[in-house]
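Please open the model in your viewer, with the sequence panel alongside, and follow the selections below in order.

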Amino acid sequence: MPFKRKSRGRAKGSKGKEPTVQCDNCGAYVPRSKIQRVTRRVSLVSGDLARELREKGAYLAENVVVKNFCISCAIHYGILKVRARDERKPQQFM
Ligand SMILES: [Zn+2]
């Protein structure tokens with residue numbers, strides 16, 4: 001069967017099965033190596049108030065939020081971009 005990408009979009013290799021992870025946006029179950037994991041630091045205090053507090057020497061704690069996205073949600077939010085056809089797969093596999 002012809003395929004678009006060398007690894008079929010995954011990093012599984014010859015491993016066989018692997019666990020599925022749920023997408024945090026749409027809820028789809030996706031193989032773990034195919035998921036797009038994004039780590040963001042989220043401040044509980046926002047904008048001008050945070051700057052004012054920091055100037056006065058206050059320590060502002062930040063939460064780290066880890067999100068798992070499926071490929072279509074990652075493209076929708078601009079985390080990934082659609083690559084050109086010849087960038088998807090090395091030339092020797094065409
Ligand atoms: Zn999704």
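The tour begins with the whole chain and then moves through its elements and some individual residues.

This is a predicted model, in which local features need a pLDDT of at least 70 and side-chain atom pairs count only at pLDDT 80 or more, while totals for chains, interfaces and linings use all residues. Residues are numbered from 1 along each chain as its sequence is written.

**Whole chain.** Colour the chain by pLDDT, which is the predictor's confidence in each residue, from 0 to 100; the average is 88, and 96% of the residues score at least 70. Among the elements, strand β1 (residues 20-22) has the highest mean pLDDT, 96, and helix α3 (residues 85-88) the lowest, 81. Switching to a cartoon shows 3 helices and 4 strands, where helices (H or I, at least four residues) and strands (E, at least two) are DSSP runs, numbered from the N terminus. Their order along the sequence is β-β-β-α-β-α-α. The radius of gyration of the chain is 19 Å, well over the 12 Å that the globule rule gives for 94 residues, so the chain is more spread out than a compact globule; the radius is taken over C-alpha atoms, and the rule is 2.2 Å times the number of residues to the power 0.38. Along its principal axes, the C-alpha trace spans about 65 × 30 × 20 Å.

**Burial and the core.** A residue is buried if 20 or more other C-beta atoms lie within 10 Å of its own, exposed if 12 or fewer, and partly exposed in between, with C-beta atoms placed from the backbone. By this count, 6% of the 94 residues are buried. Now select V30, I35, F69, C70, C73 and A74, which form the largest nonpolar core, that is, a set of buried Ala, Val, Leu, Ile, Met, Phe, Trp, Tyr and Cys residues joined through C-beta atoms within 7 Å. Centre on I35, which, leaving aside residues up to four places away in sequence, touches V21, V30, N68, F69 and C70; a contact here means C-beta atoms, placed from the backbone, within 7 Å.

**The paired strands.** Select strands β3 and β4 (residues 62-69), which pair in the antiparallel sense over 8 bridges; strands count as paired if DSSP finds at least two bridges between them. V38 stands opposite K67 in β4. Of the 8 residues of β3, the number buried is 0, so β3 lies largely in the open. Within β3 (residues 36-43), pick S43, which is exposed, with 11 other C-beta atoms within 10 Å. Beyond residues up to four places away in sequence, S43 touches A50, L60 and E62, and its C-alpha atom is 7.7 Å from that of L60, 17 residues apart along the chain.

**Helices α1 and α2.** Move to α1 (residues 47-55), where the number of buried residues is 0 out of 9, so this helix also lies largely in the open. G57, which follows α1, has a positive phi near 90 degrees. In helix α2 (residues 71-76), select I71, which is partly exposed, with 16 other C-beta atoms within 10 Å. I71 touches G9, K34, Q36 and L80, not counting residues up to four places away in sequence. Measuring from I71 to L60, 11 residues apart along the chain, gives a C-alpha separation of 34 Å.

**A last stop.** Finish in the segment before β1, at R8, a residue other than glycine whose phi is positive, near 55 degrees. R8 is exposed, with 10 other C-beta atoms within 10 Å.

How values were computed: Two residues are in contact if their C-beta atoms, placed from the backbone, lie within 7 Å.
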